[in-house]
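Here is a friendly walk through one protein model, written for someone who knows the bench well. Keep the structure open beside the text as you read.

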Amino acid sequence: MASYIPFLDLIAPHEELEQELIAVFQHALKTAGFIGGEMVQNFERAFADFCQAKHCVGVANGTDALRFALIASGIKRHDIVITVPNTFIATTEAITQAGGTPVFVDVSSGTYNMDSERLREYLETQCFRDNKSGFSFHAKSGKRVRAVVPVHLYGQMADMDAILELAEKHNLLVIEDACQAHGAEYFSKKLNCWKRAGSLGHAAAFSFYPGKNLGACGEAGAVTTNSDELAKTVSMLRDHGQAQKYFHDIEGYNGRLDTIQAGILHVKLDHLEEWNKQRREHAQRYSELLSAAVPDIVVPCEPAWSRSVYHLYVVRTAHREPLKQYLASANIGTGIHYPIPLHLQKAYAALPYRKGDFPISEHVAPQILSLPMFPSLSAEALERVVSAISEFSSLHPMEKTQVLVASA
């Protein structure tokens with residue numbers, strides 16, 4: 001049988017960097033620096049610079065990052081926070097744990113990220129602006145609409161100019177969920193330049209879960225922001241609300257970034273640009289080969305204003321399950337991100353949604369399949385994946401996958 005092609009290879013980069021990573025651990029042992037300190041601060045400065053942001057505050061994981069960013073931004077109990085149903089549940093967990101109420105708008109059929117027209121429609125048809133306060137409120141419930149959380153899914157940023165314009169008009173905060181978008185870029189026509197994920201919103205949340213483009217050897221996360229006040233508040237929230245040891249200005253959490261993980265991330269950060277470049281090259285080759293060999297598969301859409309870092313390479317097919325099984329029989333790993341939109345999850349049965357409310361998210365959920373994607377993926381392995389998909393297509397003629405109305 002042919003050798004196994006994993007969906008994700010977490011061994012190769014650690015073997016490559018083994019001595020540098022061991023040095024981080026040895027330094028921690030010799031200094032007894034396990035919580036906070038110079039290694040954390042050095043990584044925070046480096047990652048802030050990488051993201052083109054003024055501040056980075058390291059925290060324990062990506063969910064903490066988003067929750068702390070929302071709390072520090074002033075989200076109050078029952079405030080409405082708008083996001084998308086096509087994302088991992090951590091996005092909405094952070095919203096509800098901060099006290100907010102998640103409200104969904106559908107995604108674009110091209111990028112699978114927040115559709116700014118659906119956001120506009122929600123704000124203009126279901127909400128009203130109070131002229132006295134300048135705040136927007138949901139017409140039916142009377143709840144204040146406080147923030148928008150666009151998710152930069154699969155390594156590609158949402159259409160931020162349009163989202164930020166609507167947010168400014170309706171006096172809303174924008175908190176980027178950048179947990180899959182380390183180094184992703186967006187060309188802002190308003191600013192006339194490329195901007196990185198984590199630099200455009202009021203704040204942004206990053207996860208450094210091991211499988212991310214920049215992954216720790218355990219759990220880790222960070223908040224980036226250009227706001228001095230928000231960075232200060234997040235720094236206190238992660239450490240029991242302490243402004244200094246045993247002086248608690250607010251009630252906080254235990255959500256600190258471990259020193260060893262910060263050191264490991266700092267080592268890896270030096271390689272992230274090259275790793276992202278390799279991912280983009282793999283994605284381009286995938287798309288070229290698949291478009292030629294299997295035209296019935298929908299490959300990722302990357303608008304002209306986007307530079308994706310391809311945390312995942314996600315295709316769509318009307319025959320997702322049999323294709324996944326066929327690839328498994330060919331010793332090729334795959335993933336599904338995500339099989340059930342959040343508004344249909346049992347955890348959110350109490351929310352006022354039903355099947356049919358978000359047709360794009362519901363249409364793509366049973367069709368999406370993530371192919372092997374990691375920096376060290378060889379050309380031979382990539383071509384074998386495409387060849388296997390082509391073989392499946394010839395053995396089982398694939399019903400043409402419906403291409404929805406294009407919307408980036």
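Right after helix α2 comes alanine 32, whose phi is positive, near 55°. Please keep in mind throughout that this is a predicted model.

**Helix α2**

Helix α2 covers residues 18-31. Its 14 residues, at 1.5 Å a residue, should span 20 Å, and the end C-alpha atoms are indeed 20 Å apart, so the two values agree. Which residues of α2 are buried? They are Leu21, Val24 and Ala28. These residues cover an arc of only 50° around the axis, which means that they sit on the same side of α2. Gln19 and Lys30, on the other side of α2, are exposed. The packing partners of the buried residues of α2 are α1 (12-16), α3 and α9.

**The nonpolar cores**

In soluble globular proteins, nonpolar side chains tend to be buried together. Here, the largest nonpolar core has 61 residues. Within this core, the residues with the most contacts are Phe43, Phe47, Ile82, Leu123 and Phe208. Several elements give two or more residues to the core, including α3 (38-50), β2 (80-83), α6 (116-125), β10 (203-207) and α9 (259-293). Which element gives the largest share of this core? That is α3, with six residues.

Phenylalanine 43 shows what such contacts look like. Not counting residues up to four places away in sequence, phenylalanine 43 touches Phe208, Leu214, Leu257, Ala262, Leu265, His266 and Leu269. There is also a second, separate core of 26 residues, and Tyr286, Leu289, Met373 and Leu382 are among them.

**Helices α4 and α5**

Helix α4 (residues 62-72) contains leucine 66. At 2% relative accessibility, leucine 66 counts as buried. Where does the chain come back to this residue? The C-alpha atoms of leucine 66 and alanine 94 are separated by 5.9 Å, although the two residues are 28 residues apart along the chain. Leaving aside neighbours within four places in sequence, the contacts of leucine 66 are Ala90, Thr91, Ala94, Val149, Ile175, Asp177 and Ala205.

Helix α5 (residues 90-97) has Ala90, Thr91, Thr92, Ala94 and Ile95 as buried residues. The buried residues of α5 pack against α4, β2, β3 (101-104) and β7 (173-177). Glycine 99, which follows α5, has a positive phi near 105°.

Serine 73 lies in the loop between α4 and β2. Is serine 73 buried or exposed? At 9% relative accessibility, serine 73 counts as buried. Its contacts, leaving aside neighbours within four places in sequence, are Arg146, Leu173, Ile175, His202 and Leu230. By contrast, the C-alpha atoms of serine 73 and threonine 31, 42 residues apart along the chain, are separated by 36 Å.

**A hairpin and its sheet**

Strand β8 (residues 185-188) and strand β9 (residues 193-196) pair in the antiparallel sense over four bridges. In this pairing, tyrosine 186 stands opposite lysine 195 in β9. The two strands, β8 and β9, form a hairpin with four residues between them. In the turn, asparagine 192 has a positive phi of about 55°.

The hairpin belongs to an open sheet of three strands in the order β9-β8-β14, with antiparallel pairing. Which strands stand at the edges? They are β9 and β14 (306-307), each with a single partner strand, so one side of each is left without a neighbour in the sheet.

**Cysteines**

How many disulfides does a search of the whole structure find? The search finds zero. Cysteine 193 is in no disulfide, and the nearest cysteine sulfur, that of cysteine 51, is 15 Å away. Cysteine 193 has a relative accessible area of 29%, so this residue is partly exposed. Cysteine 127, at 12% relative accessibility, counts as buried.

The table brings together the relative accessibility values given in this report.

| Residue | Relative accessibility | Class |
|---|---|---|
| Leucine 66 | 2% | buried |
| Serine 73 | 9% | buried |
| Cysteine 127 | 12% | buried |
| Cysteine 193 | 29% | partly exposed |

How values were computed: Residues numbered from 1 in each chain as written. Predicted model: local features only at pLDDT ≥ 70, side-chain atom pairs only at ≥ 80, totals over all residues. Heavy atoms only, no water. Pairing = 2+ DSSP bridges. Core = buried A, V, L, I, M, F, W, Y, C linked by side-chain atoms within 4.5 Å. Buried < 20%, exposed > 50% of the residue type's maximum accessible area, 1.4 Å probe, protein only. Contact = heavy atoms within 4.5 Å. Expected span 1.5 Å × (residues − 1). Arc of directions from axis to C-beta. Disulfide = S-S within 2.5 Å.
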